[in-house]
Amino acid sequence: MSNKKDLKISGASTMPGGDYCVVTISGSGKVDGNLCADSIICSGSSKILGNVCYAKPYLLRLLSFKRRCSNKDMRVAGSLKI
């Protein structure tokens, strides 16, 4: 069992990077730093200001990575900027 916590952003907020289980962003969220997650689900406008690694991505709207994304596979139903 993993000791990682979930990260949930709802509305307009900035949260620190880190190693999370499930990252859910709904609204206008920003992650300030590197982000590792088992799953990333975005249904709003999201910016990740560090490197990104994930196991299961599902991006519903707008997501922007400012640095490196270490995975090759992702689902996008919207706009992605790397």
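# A guided tour, one selection at a time

Start by selecting Cys 36 and Cys 53: a disulfide joins them, with the two sulfurs 2.2 Å apart. Keep in mind as you look that this is a predicted model. In general, a disulfide is a covalent bond between the sulfur atoms of two cysteines. Cys 36 sits in strand β1 (residues 7–42) and Cys 53 in strand β3 (residues 52–59), so the pair ties together parts that are 17 residues apart in sequence. Now look along the S-S bond: the torsion is about 125 degrees, so this disulfide is right-handed. The count of disulfides here comes to 1.

Stay with the cysteines a little longer. Are Cys 36 and Cys 42 buried, exposed or partly exposed? Cys 36 is partly exposed, at 28% relative accessibility, whereas Cys 42 is buried, at 0%. Cys 53 is partly exposed at 23%, and Cys 21 is partly exposed at 22%.

Next, select strand β2 (residues 45–48) and show its side chains. Ser 46 and Ile 48 point to one face and are buried, while Ser 45 and Lys 47 point to the other face and are not. That fits a general pattern: in a regular strand the side chains alternate between the two faces of the sheet. Add β1 to your view, and you can see that β1 and β2 run parallel, joined by 4 bridges. To find a spot where they face each other, pick Lys 30, which stands opposite Lys 47 in β2.

Now go to the largest nonpolar core, which has 14 residues. Select Val 23, Ile 25, Val 31, Leu 35 and Ile 40, the ones with the most contacts inside this core. Which strand gives the largest share? It is β1, with 10 residues. Both β1 and β3 supply at least two residues each.

Zoom in on Leu 35. Setting aside neighbours within four places in sequence, its contacts include Tyr 20, Val 23, Ile 40, Ile 48 and Val 52. Another contact of Leu 35 is Cys 53, a partner in the disulfide where you began.

For the last stop, select Lys 4, Asp 19 and Asp 38, which are linked in a network of salt bridges. Lys 4 and Asp 38 have their closest N and O atoms 2.8 Å apart. This pair links the segment before β1 to strand β1 itself, across 34 residues. For Lys 4 and Asp 19, the closest N and O atoms are 3.8 Å apart, and these two residues are 15 residues apart in the chain. Lys 4 is partly exposed at 29%, Asp 19 at 49% and Asp 38 at 30%.

Methods
Residues are numbered from 1 along each chain as its sequence is written. This is a predicted model: local features need pLDDT of at least 70, side-chain atom pairs count only at pLDDT 80 or more; totals for chains, interfaces and linings use all residues. Side-chain values use heavy atoms; hydrogens and water are left out. A disulfide is a pair of cysteine sulfur atoms within 2.5 Å. Buried means under 20% relative accessible area, exposed over 50%, partly exposed in between (1.4 Å probe, protein chains only). Two strands pair if DSSP finds at least two bridges between them. A nonpolar core is a set of buried Ala, Val, Leu, Ile, Met, Phe, Trp, Tyr and Cys residues joined through side-chain atoms within 4.5 Å. Contact means heavy atoms within 4.5 Å. A salt bridge is a side-chain nitrogen of Lys or Arg within 4 Å of a carboxyl oxygen of Asp or Glu.
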